[in-house]
Amino acid sequence: MITLETNIHNRPPVSRAEGTPVSGLQSPASRAKGAPVSRAAGTPVSCPPDTPVSSLQSPVSRAEGTPASGLRSPFSQSIGENHDPPYYLLPLPLLFLASCSTLINGNETGSQANFIQYIATYALSLTATYGAILLLLRYAEQLGFIDHPDGVRKIHTVAKPLVGGLGIITGVIIAMLAFVPIEHYIGLVIAIFMIGSIGALDDRKDMSFKIRFAVQSGAAISIMYFGGTTLNSFGNLVGLGVIQTGLLAVPITMFCVLGVINAVNMIDGLDGLAGGTSLVAFSAFGLLAWLNGQPELMLIAIAFVGALAAFLRFNWFPSKLFMGDAGSMTLGFVLAFFAIAVTQKSGSVVSPVAALLVLALPITDTITVMIKRVLKGKSPFHPDKTHLHHILKAMGVNHHKVVIVMIAATVVSSTIAVIGTLLQLPDYAFFSIYLACFTTYFVASYRIKGIYRKLIWLRQQRVFNVELGEILR
């Protein structure tokens, strides 16, 4: 996993302006033999795998270039010191809107009951996830769930816990046990435990891709066998009739599920990116399930929204922890499950391509990157830095704005999916919209230099006495 941090390990902070140690800390001249040498702030330092997490320095603000208060690790930072906006409250209007469906049908009591159930599911998942993450943070080092920087592909420079995914799974399962008839979703629960377990093992010690592939395939078989969640139709994509998968339904379902798992895993490269885009996607799938008359699926979606809201409290830039493969693979799997479950129901009002639009960002980015790797004679799974978030970073857009831009793109595509479903757009209309987005993205990926030059020119302009460079940076 790739993330971006500018933290400093085991070194006294140095004044950026003067190049001398900050007052109160030992200078290079007076230090004891073997003591660390002071250096310019912001210089990455590789961290050996055996470096104790408790000895790491607290995160450094990229914007200011100065260390956070104290020389503490991410584990010891007080939760009260984080001044993030109250993201927890954002989903509440959506829950209220969904609960009004019963009120519109003339059942005020049922509407109130729905709203209370939605809020309870959200609150329980959020609280359970938050508590689980706090508990896991305490024992992350002992359990071996630590991501050490490698100085090669990983951009972060301070070791961080990989417990966010386990916290998300814990919160969701607790909420499902409390509010969802779990016997209807045995296959999904088994699959979540399978994916979460192999992801956690991979976080502790890199597992063979063959083992990961086998477990992911087993999880896909679980939802097909126990719940009948199979991709039987792609819809009427070109206006010539519905495209059925027929005898190929099982292998096509497995291929699509594994594809979404790895697509979400691949965009987990910046603080808040995978969590933020997944939160939007689960919100959209919850609304689509509501429109489709699947209240149980909506409750599961709400549980994931609550869990991700709690997780982002720790993962928003600059992050205190990561979700790890246990989190990214689980999110990818469940999003694939939703994409099939809300579109393949008998009499479904949700187009299969509407689900594709909800997941347009990770899927389009992954397909584009893989095609370009193959055209270069490389394996489609060859690691590199050609994903959208890498490109935007290379163009000089800061970490926070890259994440906001990509989450905003997911909001736009998800909104099109929901509004299009409300307007009952045909499958081929949805597919035309997706093809236009995919083509635009693919062509733009080959014109990065030209786009970059245009961006530099825009940064030098002033509009209504406003420096565009400050906005685009």
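**Group meeting: a nonpolar patch and its surroundings**

Good morning. I begin at the surface, where I186, I190, I221, Y225 and F226 together form a nonpolar patch of about 500 Å². Please bear in mind throughout that what we are looking at is a predicted model.

Which helices supply the patch? At least two of its residues come from each of α4, residues 186-204, and α5, residues 209-227. The greatest contribution is that of α5, which gives three residues. One member deserves a word of its own: I221 sits in helix α5. Its relative accessible area is 42%, and I221 is therefore classed as partly exposed, a class that runs between 20% and 50%.

Let us stay with α4 for a moment. This helix is 19 residues in length, and the distance from its first C-alpha to its last is 27 Å, close to the 27 Å expected at 1.5 Å a residue. Besides what α4 gives to the patch, the helix has buried residues, including L188, V189, I192, I195 and I198. The glycines G187, G196 and G199 are on that buried list too, as are D202 and D203. What do the buried residues of α4 pack against? Their partners are α3 (164-179), α5, α6 (249-266), α8 (295-315) and α9 (324-341). Thus α5 appears twice in this account: α5 shares the patch with α4, and α5 is also among the packing partners of the buried residues of α4.

I now step back to the whole protein. It contains 16 helices and six strands. Of its 473 residues, 50% are buried. The area that the protein exposes is about 21800 Å², and 66% of that is supplied by carbon and sulfur atoms. If we take the contacts between residues at least 6 apart in sequence, 73% of them join residues at least 24 apart.

A single residue can illustrate how parts of the chain come together. L356 belongs to helix α10, residues 352-358. Is L356 buried or partly exposed? Because its relative accessible area is 22%, and buried means under 20%, L356 counts as partly exposed. Setting aside neighbours within four places in sequence, L356 makes contact with I363 and Y434. Its C-alpha also lies 9.0 Å from that of F430, a residue 74 places away along the chain.

Next, two points of backbone geometry. As background, most residues other than glycine have a negative phi, and most peptide bonds are trans. Against that background, the bond joining F317 and P318 is cis, with omega at about -5 degrees. P318 is located in the loop between α8 and α9. The second point concerns Q424, whose phi is positive, near 55 degrees, although the residue is not a glycine. Q424 occupies the loop between α13 (399-422) and α14 (427-444). With a relative accessibility of 68%, Q424 is exposed, since that value is over 50%.

Finally, the cysteines. How many disulfides does the structure hold? The number is zero. Two cysteines may be located on the model: C256 is partly exposed, at 28% relative accessibility, and C437 is likewise partly exposed, at 44%.

To close, I return to where I started: the nonpolar patch made by I186, I190, I221, Y225 and F226, with α5 as its main contributor. Thank you for your attention.

Terms used
Residues are numbered from 1 along each chain as its sequence is written. This is a predicted model: local features need pLDDT of at least 70, side-chain atom pairs count only at pLDDT 80 or more; totals for chains, interfaces and linings use all residues. Side-chain values use heavy atoms; hydrogens and water are left out. A disulfide is a pair of cysteine sulfur atoms within 2.5 Å. Buried means under 20% relative accessible area, exposed over 50%, partly exposed in between (1.4 Å probe, protein chains only). Patches are made of residues with over 30% relative accessible area and no salt bridge: like charges are joined within 9 Å, nonpolar side chains (Val, Leu, Ile, Met, Phe, Trp, Tyr) within 5 Å. Accessible areas come from the Shrake-Rupley method with a 1.4 Å probe; for residues, only the protein chains shown count as cover. A salt bridge is a side-chain nitrogen of Lys or Arg within 4 Å of a carboxyl oxygen of Asp or Glu. Helices (H or I, at least four residues) and strands (E, at least two) are DSSP runs, numbered from the N terminus. The expected span of a helix is 1.5 Å times one less than its number of residues. Contact means heavy atoms within 4.5 Å.
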